[in-house]
Amino acid sequence: MHRPPTAITARTWMNTRVRVLNVTYEDFDVVPAARAVVLLNEELAITLVEHTPRFVVRSQHVAIPLPHTIQLLEYVHTPPRPAIDDDARASFAAVLARDHHRCAYCGQPGARTVDHVFPKSRGGGDHYGNLVAACSDCNGRKADRTPEEADMPLLWVPRAPRTDQKRQQAIWRELAPTT
Ligand SMILES: [Zn+2]
């Protein structure tokens, strides 16, 4: 399916997100466009790929083409994995965020419910390794069964989230504070 790209305006460019690669070209993070523009303006990063369609971010002192992907000019250490393990208790909101609201059974976006992989009614716990985002259809169909019993294989293995968002944000604040 081809969707025409949405035009960017002076109002909407800040809602876009920009991929950041480390100086080694390793994936580093995805940041709000405003932060990416600060990084470019302060010459901490360069643009690898411009946003399509093209849009130039203008303020009093800068005119920077909105980027799609930027690269840091100095190596920034990736934050270490957090001390969260798969058995850690998870909130439903954290599970939906981890799975980007994609149903773990059918892969559809927009999932609003959380399923206990091993059913809660049979002792399944509220931890990262046992919770997945699920659409209400799949959640209802699976009911009090395991994925094997329901013949509904998981599309991925649920785990504790890997990146420590707070730590990552602290690094960004230090590197390139936006107001
Ligand atoms: Zn589903």
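In this predicted model, strand 8 (residues 131–134) directs Leu131 and Ala133 one way and Val132 and Ala134 the other way. These residues are all buried. In a regular strand the side chains alternate between the two faces of the sheet. Strand 8 runs antiparallel to strand 7, and 4 bridges join the two. Within this pairing, Val132 of strand 8 is the bridge partner of Asp115.

**Zinc site**

The zinc ion is held at 2.3 Å by the SG atoms of Cys103, Cys106, Cys135 and Cys138. The angles among the 4 donor atoms run from 102 to 115°, and the site is tetrahedral. For comparison, the ideal angle for four tetrahedral donors is 109.5 degrees. Along the sequence, the donor residues follow the spacing C-x2-C-x28-C-x2-C. Cys103 sits in the loop between helix 2 (92–98) and strand 7 (113–116), while Cys138 belongs to helix 3 (residues 136–142), so this pair ties together parts that lie 35 residues apart in sequence. Are Cys103 and Cys138 buried or exposed? Cys103 counts as buried because its relative accessibility is 0%. Cys138, at 5% relative accessibility, also counts as buried, the cut-off being under 20%.

**The open sheet and helix 1**

An open sheet is formed by 4 strands in the order 2-1-6-3, with mixed pairing. Strand 2 (27–32) and strand 3 (45–50) are the edge strands, each pairing on one side only. On average, neighbouring strands of this sheet are turned by 30° against each other, direction ignored. Strands of a sheet pair through backbone hydrogen bonds, either parallel or antiparallel. Strand 1 (residues 17–21) and strand 2 take the antiparallel sense, over 5 bridges.

Helix 1 (residues 33–41) lies across strand 1, strand 2, strand 3 and strand 6 (67–72), and runs at about 115° to strand 2. Of the 9 residues of helix 1, 7 are buried, so the helix is largely enclosed by the rest of the structure. The buried residues are Ala33, Arg35, Ala36, Val37, Val38, Leu39 and Leu40. After helix 1 comes Glu43, which has a positive phi, near 55°.

**Asp27**

Asp27 is part of strand 2, and its bridge partner is Leu21. Apart from neighbours within four places in sequence, Asp27 has contacts with Arg19, Val20 and Leu21. With Arg19 there is a polar contact between the two side chains, at 2.7 Å. The C-alpha atoms of Asp27 and Thr78 are 9.6 Å apart in space, and the two residues are 51 residues apart in sequence.

The distances given above for individual pairs are collected here.

| Pair | Kind of distance | Value |
|---|---|---|
| Zinc ion and Cys103 | coordination, SG | 2.3 Å |
| Zinc ion and Cys138 | coordination, SG | 2.3 Å |
| Asp27 and Arg19 | polar contact, side chains | 2.7 Å |
| Asp27 and Thr78 | C-alpha to C-alpha | 9.6 Å |

**The chain as a whole**

The protein chain has 5 helices and 8 strands. From the N terminus on, these elements run β-β-α-β-β-β-β-α-β-β-α-α-α. Of the 179 residues in the protein chain, 38% are buried. Among contacts with a separation of 6 or more, 62% are between residues 24 or more positions apart.

Key: Residues numbered from 1 in each chain as written. Predicted model: local features only at pLDDT ≥ 70, side-chain atom pairs only at ≥ 80, totals over all residues. Heavy atoms only, no water. Donors = N, O, S within 2.8 Å, 3.2 Å for Na, K, Ca; no water. Tetrahedral: all angles 85-135°; square planar, octahedral: opposite > 155°, others 65-115°. Buried < 20%, exposed > 50% of the residue type's maximum accessible area, 1.4 Å probe, protein only. Pairing = 2+ DSSP bridges. Axes fitted to C-alpha atoms, helices over the stretch in contact; angles between N-to-C directions. Contact = heavy atoms within 4.5 Å. Polar contact = N/O pair within 3.5 Å; in protein donor to acceptor, adjacent residues only side chain to side chain.
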